[in-house]
Amino acid sequence: MKIRHALVLLAVTFLLGLIVLMPATLIQAPLNRAMASNAALVVTAGTIWSGTAKLTLFPAARPVVVPITWRFDPMALLRLRLGFYIRADSAALAGITRIGAGIRTIELRDTNLKIDSALINRTHSLLPMFGSRGTLHLTINEGDHIVMPYQAADGLRTAEGKLAAKIDSLTLGMFSSRPLGTYEIAVKLNNTTAEYLLVNATGPLKFDGGGAVSWGTNRSFVYRGFAVAPRESAMLLTPLLAVGRPTADGRLQIDYSSKW
């Protein structure tokens, strides 16, 4: 009996050792298939429980390489997810997030990311035309989370949850060589729509109010609120006057919606 118990204990210890020491390269191929042409991952060291890698964004043209590290998040098991703490460290993308992988969805929590405008400008061909510069901060506060399915339904990526965004020292070279302002925005994601509310704005160009951005079958942008721009800046006032109505207190009331 003692020999049987010893053999069982030895087998269990061996299996646990295999699990603990699983090389991180085992997850490299599945992740790369999931990210397809948008990104590529190359593991440099470690196991699936903790390690380092290089994440390449836009691998097909002028790639951006982001070193990342990860470690196992045992608390995610309470939510029936396999979770990890992930840290990125580069000029283009830096910060931390907690990712929890479920059966059908992936979850983001406790996130604080800083994204440079040079990386954001790569996401849409119109952005570089405005000469946009600045830094985007994305935060998912404690108690909030974002849930996304692994596969897009009918080619549309969906998401549910809340996050906070901050655009720091936004500059649009087409209108001004100086920063226009810093903007703090609360965002609520609902399927294929992001509802947003400007909670704070500082700088020469100020906005308040909010609206929604939809990327579903009917892609649209809506903004309702007020804007304040320097009177001496015709480059800024002209496009705002085209969509807004001057008020008695010197602001511009805007009720704007468009398809994109």
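## Exercises on salt bridges and a surface patch

Arg251 and Asp208 form a salt bridge, with 3.6 Å between the closest N and O atoms; a salt bridge here is a side-chain nitrogen of Lys or Arg within 4 Å of a carboxyl oxygen of Asp or Glu. The model is predicted, so local features need pLDDT of at least 70 and side-chain atom pairs count only at pLDDT 80 or more, while totals for chains, interfaces and linings use all residues. Residues are numbered from 1 along each chain as its sequence is written, and side-chain values use heavy atoms, leaving out hydrogens and water.

**Exercise 1.** Place Arg251 and Asp208 in the chain, then find the other partner of Arg251.

*Solution.*
- Step 1: Arg251 sits in the loop between strand S14 (244-246) and strand S15 (252-259), and Asp208 sits in strand S12 (residues 206-214). Strands (E, at least two residues) and helices (H or I, at least four) are DSSP runs, numbered from the N terminus.
- Step 2: The two residues are 43 apart, so the pair links distant parts of the chain.
- Step 3: Arg251 also forms a salt bridge with Asp249, at 2.9 Å between the closest N and O atoms.

**Exercise 2.** Sort Arg251, Asp208 and Asp249 by exposure.

*Solution.*
- Step 1: Buried means under 20% relative accessible area, exposed over 50%, and partly exposed in between (1.4 Å probe, protein chains only).
- Step 2: Arg251 has 26% and is therefore partly exposed; Asp208 has 31% and is also partly exposed.
- Step 3: Asp249 has 53%, so Asp249 is exposed.

**Exercise 3.** Describe the salt bridge between Arg98 and Asp110.

*Solution.*
- Step 1: The N to O distance is 2.6 Å.
- Step 2: Arg98 is in strand S5 (residues 93-101) and Asp110 in strand S6 (residues 105-116), so the bridge ties together parts 12 residues apart in sequence.
- Step 3: Arg98 is buried at 12% relative accessibility, whereas Asp110 is partly exposed at 26%.

**Exercise 4.** How many salt bridges does the structure hold, and which residues are linked in a network?

*Solution.*
- Step 1: There are eight salt bridges.
- Step 2: Arg79, Arg81, Glu107 and Arg109 are linked in a network of salt bridges.

**Exercise 5.** Locate Val243 and state its exposure.

*Solution.*
- Step 1: Val243 belongs to helix H4 (residues 234-243).
- Step 2: Its relative accessible area is 34%, so Val243 is partly exposed.
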